[in-house]
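Visitor: Please give me a close look at the charged side chains of this model. I would like to know how they are paired and how far they are covered, and then what lies around them.

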Amino acid sequence: MEMNVFDVIGPIMIGPSSSHTAGAVRIGNMAGALLPGKPVRALIGLHGSFAKTGRGHGTDRALVAGIMGMMPSDVRIRNSLELAQKAGLEITFEEVELDGAHPNTAVITLWNQKGESICMQGASIGGGEIMVTQIDGMNVEITGNQPTLLVLHSDVPGVIAGVTNYLAMNQVNIGGFKLSRKKKGDTALMTLELDEAPDEKVTQGIRCFPQISRCVLILPS
């Protein structure tokens, strides 16, 4: 069995726990990346051990640091709550109960100055690894370990083929694909794990498709 050195020594990070710190930062990173523009308000729901012991392990600071774009090794994580206040980011924490969720789970809702929002549920599953399980109420399975393209679009024929063909034309190979939707004909979310990160012009081209409302490229952190 092949083993990555990351699996042995864990992530480079600030804090006492890879699950409560490094994983929490990565969850915050993902939520922050999904929101268009700068967040001005955050509602963070803590479930399970995140709720019971998270603050003692610095989970609250780690999640906020990630939302603000910090990496797990950033020394500013310890002061992220104060830095958020100075940056005008209003933060509210609450405890939540989620049926069947991993014990290290957070639900993060962010708003920008225009009132646009994103709601994401993610879990820290150990060793700094994460699994995002919901975005705006749609079920997903995103680890963030590969470049991942998230495409929010109208659930109409031809959109999936158009996006995948466009990626193929630009020599971008798809390693994994998942479609999520609330109901037929409504809004759908494509999750495409890619073998390599595409050029910015590729994501810009996808954003020009008339049926697509949002296209976000998530890079490994």
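**Charged side chains and their surroundings**

Guide: Arginine 61 has a relative accessibility of 29%, so it counts as partly exposed. This is a predicted model, and every value here is computed from it. The side chain of arginine 61 forms a salt bridge with that of aspartate 60, at 3.9 Å from N to O. The acidic partner is covered: aspartate 60 has a relative accessible area of 9% and is therefore buried, the cut-off for that word being under 20%.

The count of salt bridges comes to four, and the pair of aspartate 60 and arginine 61 is one of them. Another joins aspartate 74 to arginine 76, where the closest N and O atoms are 2.8 Å apart. Here too the acid is classed as buried, since aspartate 74 has 16% relative accessibility. Arginine 76, at 42%, is partly exposed.

Glutamate 200 and arginine 207 also meet through their side chains in a salt bridge, with 3.2 Å between N and O. In this pair the acid is partly exposed, because glutamate 200 has a relative accessible area of 41%. Arginine 207 is partly exposed as well, at 38%.

Arginine 26 needs a separate account. This residue sits in helix H2, which covers residues 18-34. Arginine 26 is buried but has no salt bridge. Its nearest side chain of opposite charge belongs to glutamate 129, 4.0 Å away. What does the side chain of arginine 26 meet through polar atoms? One of its polar atoms lies 3.4 Å from the backbone oxygen of glycine 144. The side chain of asparagine 145 makes a polar contact with that of arginine 26, at 3.3 Å. Once neighbours within four places in sequence are set aside, the residues in contact with arginine 26 include Glu129, Gly144 and Asn145, already named, and also Pro72, Gly128, Ile130, Thr143 and Ser221.

Two buried glycines come next. Glycine 122 belongs to strand E4, residues 117-126, and its relative accessible area is 0%, so it is buried. Its C-alpha is 5.6 Å from that of threonine 133, although the two residues are 11 apart along the chain. Not counting residues up to four places away in sequence, glycine 122 touches Thr133 together with Met131 and Val132, and also Ile27, Asn104, Thr105 and Ala106.

Glycine 45 is in strand E1, residues 39-48, and is buried with a relative accessible area of 2%. Its contacts, leaving aside neighbours within four places in sequence, are Glu94, Val96, Thr105, Ala106 and Val107. Thr105 and Ala106 are therefore contacts of both glycine 122 and glycine 45. Arginine 55 is 10 residues from glycine 45 in sequence, and the two C-alpha atoms are 12 Å apart.

For a contrast in side-chain character, there is also a nonpolar patch on the surface. This patch is formed by Ile160, Phe177 and Leu179, which together have about 220 Å² of accessible area. Of these, isoleucine 160 is in helix H6, residues 159-169. Isoleucine 160 is classed as partly exposed because its relative accessibility is 30%.

Methods
Residues numbered from 1 in each chain as written. Predicted model: local features only at pLDDT ≥ 70, side-chain atom pairs only at ≥ 80, totals over all residues. Heavy atoms only, no water. Helix = DSSP H or I, 4+ residues; strand = E, 2+ residues; numbered from the N terminus. Buried < 20%, exposed > 50% of the residue type's maximum accessible area, 1.4 Å probe, protein only. Lys, Arg positive; Asp, Glu negative; His and termini not counted. Polar contact = N/O pair within 3.5 Å; in protein donor to acceptor, adjacent residues only side chain to side chain. Contact = heavy atoms within 4.5 Å. Patch = residues over 30% accessible without salt bridge, like charges linked within 9 Å, V, L, I, M, F, W, Y side chains within 5 Å. Areas by Shrake-Rupley, 256 points an atom, 1.4 Å probe, with all protein chains shown as cover.
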